[in-house]
Each structure stands twice: as C-alpha cells, then as structure tokens.
Amino acid sequence: MKKFSFLFASLFLLAACGPAAGGGASGGGNKAEGDTIKIGMNMELSGDVSAYGNAEKEGIKLAVEEINDAGGVLGKKIELIEKDNKSENGEATSVAANLTAKDKVVAVVGPATSGAAKATIPNMTKAAVPAITPSGTDDSITVVNDKVQEYIFRACFQDTFQGVILANFAQDNLKAKNVVIIGDNSSDYAIGLTKSFKDTYKGKIAKEETFTAGDKDFQAILTKIKDLDYDAIYIPGYYAEAGLIIKQAREMGINKPILGADGFGDEKLIEIAGAKNVSDVYYTGHFSEKAPATDKVKPFVEAFKKKYNKQPSAFNALGYDSVYMLKQAMEDKDSADSKDIKEGLASLKDFVGVTGKMTMDKDHNPEKSAVVLGLTDGKETSADAVNP
C-alpha cells in the first residue's frame, strides 16, 4: 500500500530530518530498559487511508496481547506506544522522530502506506531503530538508488511481484487478450503497479486512462472505454477511487472482469461500490482462509474473531505478523536492543506467519507467497495461491 505521491513530494527534501536515504545510521539505536520492551506504532489512524492503519492496529494489538499473556519476550512484556500519522507524510515523519527520540522505542511497526513509509526512512536511519511496514509494497521502500535501507523492512510482498501476478492472472486465468488500465497517476503505488503489469503482460493495452486521488466522477473515462474491444479492466489504486470506478462502471453496464492489487483488500471497497456491483472482481491478497498459507491461519482467525467479533482482513494479518517478526528477531539475537533487532530481522529465516512462511532476502523483502482473491456480490468466492 502506498500513500498519494502528490501529498508527499516535498517530503523528500528531508535534509533537515536526517541523512539522505541510503546513508548510514548516525545514532546508536535504543536499548530495552526496565521491565518492558517499547515498540512504536506509526499508523494511519485518521485521514484518507485510515481503514488500512486501523486494521493493522487491530492485528498489532492482538499480537502484543498474546505475546504478553504468554510471558512476553526475553522475560519482558511489550509496551506498545501508539501514534496516529493522520495519513500524512509530514506527520509520519514527525511521529518517527518522536517515537525514536522521545519515547525511546527499540522498533517501529508502520506506516501502512508506501509514501508515508518512505518519508520515515531518514529519521529511522538516523536513530538506528528498525521499522517494519506491514503493507508498504513500493519497491523503493527498502532499496533506494540501489542501496539497501539498513533499518527498513517489510512484512508484505512488493509491487513488482503483484504486477507480475496480475498480468499472468489476466493472461492465464481470464484469457484476456486486451486490457484497459485505469490508474492513479498521483500515487507511487499505482504507478509502480502499472509499470510492473505492462512489463509482464503479453496482450494488448487497448486503452490507458488516469485519474488523481480524490476524484469522484469517472463517467468521462468510463464512457471512453465502454465500447472498446477489451477483455478486462486493471485498476491499480486504493479502495476509495477503485470502489467508485467499480460502482459507476457496473451502473453503466460495463460488466468486464476487474483486476486490482492489495489496495482493494478492505471492506470499504464493498461499501463504496455496493456489494451487488462487486462481482467478477479479482485482486492480489496477503491472506485467505480459503487458501491458508500456513497452519497459523486457523488459530489467528479464531483469536481475532473472539477479540473483535468479526472476520479478519489481510491488513489485520499483516499487522499481526509484523509484531511476531519482531519477537522472532529478538529471540534469535537474545536481545531487545535496536541494532540487534535489525540484525535479527535481516537474517530472519523460515518464519511462519499468518500471511505465509517467509525468509528475509538481501533487500529486506520477505520471500513469500500471495493469493489472488475473487469476489462475487462482494463476497470472497475464490482464492488461488501463487508462489514466488
């Protein structure tokens, strides 16, 4: 997931916030002191994409509760420091500085979106405190200008992986020879997904149209494509605009299959589009009960339902896995100090999570499987596991 690039462009002029992305850490990191291990949460709890942040918060809090109930980590309980970045890059940057310098956390989970995650890199690097983004899929989060970001990790797969999967799914599963792309040109997320899809897809791009985050009326775009010869529509974008595009397309009588990435993976997509309109819709997901990646899925679902009285989403699962990845890193290094946690995450191997069995690669990306989910009347009716 990523945040809208037009909101963030100025944030990459971050000289005042710390070293440039790719630079080495200048701080000594934070050390676990006292009876608790302080972990920060830098999440989109309000604002444009708060559905993602709040979902991940639920998973994070469930994991912390389970770990503490089981005795904690290395004999200490986890103390979660929660902060709202308001779905804004500037606020995410400030939260990162606050968590590391004032609260002295030893690690951070978040942000959820790619733009916000990228904005925090200088401050996390300067403080020498590791961060895991549960759902930031932009390739350039962990590698900038061919340099691996020493303190930045992710729990999810990358955009290039999603784009390849969706292109192959369009060709092989939908038998789509011609595709229309309707993409968000203001989002790093959508731009990366579009490029990856186009680089892989062997069919014809019948038409490519763009929109800007916040747009509400897609009638002009849909009118342009309605009578074209194509077999599927690919919408790289977030739930807010994708939901409206699906709703307006179906109301115009456009009933072609619709493809999207993990930005579709929130119940708000269904709310916005209307359940009756969300049929023959497919998207890449991180987790599904219909295609469980590991034996951790069932107990997680049961625990989540017991705590929140609802079905868990992929974002719940990613937040949950992120905390357990930190736990594993601490146990592997027998230390809850920032720099040791960083080393533990970098060498994470065969970690069994809800969203898959994963090993961290040299670029700080987990090698793991994905799922292509199919929706009918707003309900998940198919799940096809895809291995890297």
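Visitor: How far apart do the end C-alpha atoms of residues 36-376 lie?
Guide: They lie 46 Å apart. Keep in mind that this is a predicted model.

Visitor: What share of that span is helix, and what share is strand?
Guide: Helix takes up 42% of residues 36-376, and strand 21%.

Visitor: Which annotation covers those residues?
Guide: UniProt has "domain: Leucine-binding protein" for residues 36-376. That comes from an unreviewed entry.

Visitor: Switching to pockets. How much space lies in the largest pocket?
Guide: About 850 Å³. The lining has 30 residues, and the closest to the centre are D266, E267, Q311, P312 and S313.

Visitor: Which elements give two or more residues to that lining?
Guide: Three helices and three strands do. The helices are α2 (50-69), α10 (267-273) and α12 (314-333). The strands are β12 (281-285), β16 (370-376) and β17 (379-386).

Visitor: How do the lining residues of the largest pocket divide?
Guide: Twelve are nonpolar, eight polar and ten charged.

Visitor: Why does the largest pocket lie between domain 1 and domain 2?
Guide: Because both give residues to its lining. Domain 1 is 36-157 + 293-368, and domain 2 is 160-285.

Visitor: What volume has the second largest pocket?
Guide: About 240 Å³. Its lining has 13 residues, with K296, Y320, Y324, F351 and V352 nearest the centre.

Visitor: Which element gives the most to that lining?
Guide: α12, with six residues. The elements giving two or more also include α11 (297-308) and β13 (351-353).

Visitor: And how many nonpolar, polar and charged residues line the second largest pocket?
Guide: Seven nonpolar, two polar and four charged.

How values were computed
Residues numbered from 1 in each chain as written. Predicted model: local features only at pLDDT ≥ 70, side-chain atom pairs only at ≥ 80, totals over all residues. Heavy atoms only, no water. UniProt positions renumbered as here; feature names shortened; annotations may be inferred. Helix = DSSP H or I, 4+ residues; strand = E, 2+ residues; numbered from the N terminus. 1 Å grid on protein atoms, 1.4 Å probe; cavity = no way out; pocket = protein on both sides within 12 Å on 5 of 7 lines; lining within 4 Å. Points joined across faces, edges and corners; volume = space filled by probe spheres on them. Nonpolar A, V, L, I, M, F, W, Y, C, P; charged D, E, K, R; others polar. Domains from an automatic or database assignment.
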